[in-house]
Amino acid sequence: MQITQEAAGELHQQKVTKITLTNDHDTRVSILTWAATIQEFSVLEDGVRRQLVVRETDLTKYDPNTYCLCQALGRVAGRIAGAQFDLDGRTIHLDANEEPNAIHGGPHGFTFANWEATTKQTADTVSVSLTHTVSEAEDKYPGTLATTITYTLDNQDQLSIAFTGKSDAATLFNPTIHTYFNVTDDQHDLQTQWLKLNSQQRLVLNDQKIPTGEKAAVAGTGFDFREPRTIKDGLAELAKQNVVEYDDAFEVTPSQTTPIATVGDTAGHREVRVYSDRNGVVVFTANATDPKRAAVRDYNALALEAQNLPDAIHHPDFGDIVLPANQAVTHTIRYQYVRK
């Protein structure tokens, strides 16, 4: 097990550090302090290094990054309808950074912070903990929120992520990492990447991608990933309804033993299983590294954002994302690499 740190450069006159965690199998995870970004999650297969996530090697391309490439989202991931909500007798007005709604914590959310880092090593794990504090004056959410995101790599090739939040006033807390996967050999596209979701229902969204409150069965549709299905096949089914991408929220059953989602390659070389303690996953197809290809819907990245269902504050049956005052709450996501 090994931890290394190096200067990654500067953004907004702030020094950004890259922390690399390596296990005894030479599985490697690199984290940037800027936006708590996963810059690398790679494995060594027969002497060849394979990337599991989509990444940039140039630091400047992470700011700004329209796609939030493998970056932390919070206080609340996803959209909040009307950029407002009621809490403890107050109506809270947020910055509408996607008019008329708020998205991904707003313009002063986790994606725009340079986090403080500390590291820890044990016999079987290496980890980095990133901390950041944001006040109501900065991001409009109630309370001063202290957040720690801990990335831990173990010798079972698992990358575990723990989000711990504590606020001095009741607030909202539904963070995630906007992780983009491509587990194919060359990562050129998603033609040979399949997806499996432990989901029976998806949220019905309006034209602003805001949940209507209705849930629709996935069975027999282009959203049906209950069994492994290639992204190419799913998109072809959606195209019959003039839908050109996935940008959808699926209801899942939280579990530490059954994956909420799995991605793999049709060649059968590798897969990654995703576990979460929350009830939703947002699936998004993109090309986050090549704007020209993105414009023609030539996708090379599949985002899997494990979280509570979006806009939960406006839908009681979507799950509770209220963080009580002075009470620490921790949420977890785990990625398990499986060599085939």
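The questions and answers below walk through a predicted model, from its cores and salt bridges to its largest pocket and some unusual backbone features.

Trainee: Which strand gives the most residues to the largest nonpolar core?

Mentor: The largest nonpolar core has 73 residues, and those that touch the most other members are Ile 38, Tyr 151, Leu 304 and Tyr 335. In soluble globular proteins, nonpolar side chains tend to be buried together. When we ask which strand gives the most to this core, we find one that supplies five residues, and it is strand 26, residues 301-307.

Trainee: How many residues are in the other core, the one that lies apart from it?

Mentor: This other core includes Ile 80, Leu 94, Ala 170 and Ala 249 among its members. It lies apart from the core of 73 residues, and its own number of residues is 18.

Trainee: Where does Ser 127 lie, and is it buried or exposed?

Mentor: Ser 127 belongs to strand 12, which covers residues 125-134. Leaving aside residues up to four places away in sequence, Ser 127 touches Ile 3, Leu 21, Thr 118, Thr 119, Lys 120, Thr 150, Tyr 151 and Thr 152. Its relative accessible area is 10%, and because the cut-off for this class is under 20%, Ser 127 counts as buried.

Trainee: Which residue forms a salt bridge with Arg 49, and how far apart in the chain are the two?

Mentor: The structure holds 20 salt bridges, and in one of them the side chain of Arg 49 meets that of Asp 26, at 3.0 Å from N to O. Arg 49 is in strand 5, residues 48-51, whereas Asp 26 is in the loop between strand 2 and strand 3. The pair therefore links distant parts of the chain, and the partner asked for is Asp 26, 23 residues apart from Arg 49.

Trainee: Are Arg 49 and Asp 26 buried or partly exposed?

Mentor: Arg 49 has a relative accessibility of 23%, and Asp 26 has one of 28%. Because buried means under 20% and exposed means over 50%, Arg 49 falls in between, and Asp 26 does as well. The class for Arg 49 is partly exposed, and for Asp 26 it is likewise partly exposed.

Trainee: How many residues apart are Lys 215 and Asp 317?

Mentor: The side chains of Lys 215 and Asp 317 meet in a salt bridge, with 3.9 Å from N to O. Lys 215 is in strand 20, residues 211-217, while Asp 317 is in the loop between strand 26 and strand 27, and this pair also links distant parts of the chain. Lys 215 itself is partly exposed, at a relative accessible area of 23%. The two residues are 102 residues apart.

Trainee: Which residue of the Arg 229 and Asp 233 salt bridge is buried?

Mentor: In this salt bridge the closest N and O atoms are 2.6 Å apart. Asp 233 has a relative accessible area of 38% and is partly exposed. Its partner has 16% relative accessibility and counts as buried, and that residue is Arg 229.

Trainee: Which strand supplies the largest share of the lining of the largest pocket?

Mentor: The largest pocket holds about 690 Å³ of space, and of the 37 residues that line it, the closest to its centre are Thr 66, Cys 68, Ile 103, His 104 and His 178. By class, the lining has 17 nonpolar, 11 polar and nine charged residues. Strand 22 and strand 25 each supply at least two residues of this lining, but the largest share, four residues, comes from strand 25.

Trainee: What is phi of His 104, and where is this residue found?

Mentor: His 104 is found in the loop between strand 10 and strand 11, and at 15% relative accessibility it counts as buried. Although His 104 is not a glycine, its phi is positive, with a value of about 55°.

Trainee: What is omega for the cis peptide bond from Asp 63 to Pro 64?

Mentor: Pro 64 is found in the loop between strand 5 and strand 6. A cis peptide bond also joins Gly 74 and Arg 75, where omega is about 10°. For the bond from Asp 63 to Pro 64, omega is near -10°.

Conventions
Residues numbered from 1 in each chain as written. Predicted model: local features only at pLDDT ≥ 70, side-chain atom pairs only at ≥ 80, totals over all residues. Heavy atoms only, no water. Core = buried A, V, L, I, M, F, W, Y, C linked by side-chain atoms within 4.5 Å. Buried < 20%, exposed > 50% of the residue type's maximum accessible area, 1.4 Å probe, protein only. Salt bridge = Lys/Arg side-chain N within 4 Å of Asp/Glu carboxyl O. Contact = heavy atoms within 4.5 Å. 1 Å grid on protein atoms, 1.4 Å probe; cavity = no way out; pocket = protein on both sides within 12 Å on 5 of 7 lines; lining within 4 Å. Points joined across faces, edges and corners; volume = space filled by probe spheres on them. Nonpolar A, V, L, I, M, F, W, Y, C, P; charged D, E, K, R; others polar.
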